[in-house]
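Please read the following account alongside the sequence and the coordinates, following each named residue as it comes up. The path goes from the interior outward to a metal site.

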Amino acid sequence: MTSKKLFFILVGLGVLFVSLLVFYINNKQEAPKEQPIVKKTEQGGQTKNTAEKKPTPVTEQPQPKSQPAKKSFVVCIDPGHQRKADLATEPVGPGARTEKIKVTGGTTGLSTGKPEYILNLEASLILGKILKQRGYEVVYTRTTHDVNLSNIQRAEIANQHHADLFIRIHADGSTNRNTSGFSILTTSSKNPYTQAIYQDSLQAGESILAAVKGSGETKVNGISYRDDMSGLNWAKVPAILIEMGFMTNPKEDQNLSNGDYLQKLMMEVSDGIDEYTKQ
Ligand SMILES: [Zn+2]
């Protein structure tokens, strides 16, 4: 008989224990609904503070990114010039008294007759495509010829997009048809407007120059330090100007209008940018 009593006592305790457990679990599940939702979207850059007393319906999380949460590297590409030059002037740098033409007409291919603004856009679109394939975020200042963008406005597009690199694509011209070669223009260490970006700009220029030189296919002239270019002086992000070659040199003009040559050259420029991002 005592063992039967003990049995009932144990069963009774068991039931009580299970009931307490169920009660506890139910309470625990309800609890979070009452808590405010704080800082759910920190990853996306916008910190949303949705702490509220009222039990609001749980809003959707921002779209889960398909790629791992890695800040993308933004390259702003500026295809130099446009169909029509704008000969009005603008300050050469922030607060400068010296003014320069807003956007000049550019050079012309000696043997192809191609205007520079067309070649610049061709090259820029190739470069942008390669960079996108490599995971970069690409912003263009223009994708058509019929725009009117001064060099300041072009720099400001790069600034507004917080570009990690602003690349201006140009081709050179000279009165001497024998002059040839690829070069990069960047501001000097003495430039009053670009102190903050001088080092990074130079680094990017050197990386690209080394990549193009390494291929051995293009004659490379080097880096020119220029403090008279509004498009560089107004940039608040690392900025360089690429002179792809001389359109006034018949051979280089023909090369630059050769799709394979241009593709290869832009691939090398991209390799240089890859190298720069590793530093
Ligand atoms: Zn140009």
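A nonpolar core is here a set of buried Ala, Val, Leu, Ile, Met, Phe, Trp, Tyr and Cys residues joined through side-chain atoms within 4.5 Å, where buried means under 20% relative accessible area, exposed over 50% and partly exposed in between, computed with a 1.4 Å probe on protein chains only. The model is predicted, with local features requiring pLDDT of at least 70 and side-chain atom pairs counting only at pLDDT 80 or more, while totals for chains, interfaces and linings use all residues. Residues are numbered from 1 along each chain as its sequence is written, and side-chain values use heavy atoms, with hydrogens and water left out.

In the largest nonpolar core, which has 34 residues, those that touch the most other members are Ile 167, Phe 182, Ile 208, Ile 242, Met 244, Met 266 and Val 269. At least two residues of this core come from each of strand 3, helix 2, strand 6, strand 7, strand 8, helix 4, strand 10 and helix 7 (259-278), and helix 7 gives the largest share, 7 residues. These elements are DSSP runs numbered from the N terminus, helices being H or I with at least four residues and strands E with at least two. Apart from this core lies another, of 19 residues, among them Val 74, Val 139, Ala 155 and Trp 234. In soluble globular proteins, nonpolar side chains tend to be buried together.

Ile 208 offers a way into the larger set, being one of the residues of helix 4 (residues 198-215) and buried with a relative accessible area of 0%. Leaving aside residues up to four places away in sequence, Ile 208 is in contact (heavy atoms within 4.5 Å) with Ile 167, Phe 182, Ile 184, Ile 240, Ile 242, Val 269, Gly 272 and Ile 273. Its C-alpha atom is 7.9 Å from that of Glu 275, although the two residues are 67 residues apart along the chain.

Two of those contacts, Phe 182 and Ile 184, lead to strand 8 (residues 182-186), in which 5 of 5 residues are buried. In a regular strand the side chains alternate between the two faces of the sheet. Both faces of strand 8 are covered, with Phe 182, Ile 184 and Thr 186 buried on one side and Ser 183 and Leu 185 on the other. Strand 8 pairs (at least two DSSP bridges between two strands) with strand 9 (residues 220-225) in the parallel sense over 5 bridges, and Ile 184 stands opposite Ile 223 there. With strand 10 (residues 239-246), strand 8 pairs in the antiparallel sense over 3 bridges, and Ser 183 has Glu 243 as its bridge partner.

Helix 3 (residues 151-160) is largely enclosed by the rest of the structure, because 7 of its 10 residues are buried. Just after helix 3, His 162 takes a positive phi of about 50°.

Finally, which protein atoms are the donors of the zinc ion? They are His 81 (NE2), Glu 116 (OE) and His 170 (ND1), lying 2.1 to 2.2 Å from the ion; donors are N, O and S atoms within 2.8 Å of the metal (3.2 Å for Na, K and Ca), and sites may look incomplete because water is not among the atoms. His 81, in the loop between strand 3 (74-79) and strand 4 (86-91), and Glu 116, in helix 2 (residues 116-133), are 35 residues apart, so the pair links distant parts of the chain. Both are buried, His 81 with a relative accessible area of 8% and Glu 116 with 2%.
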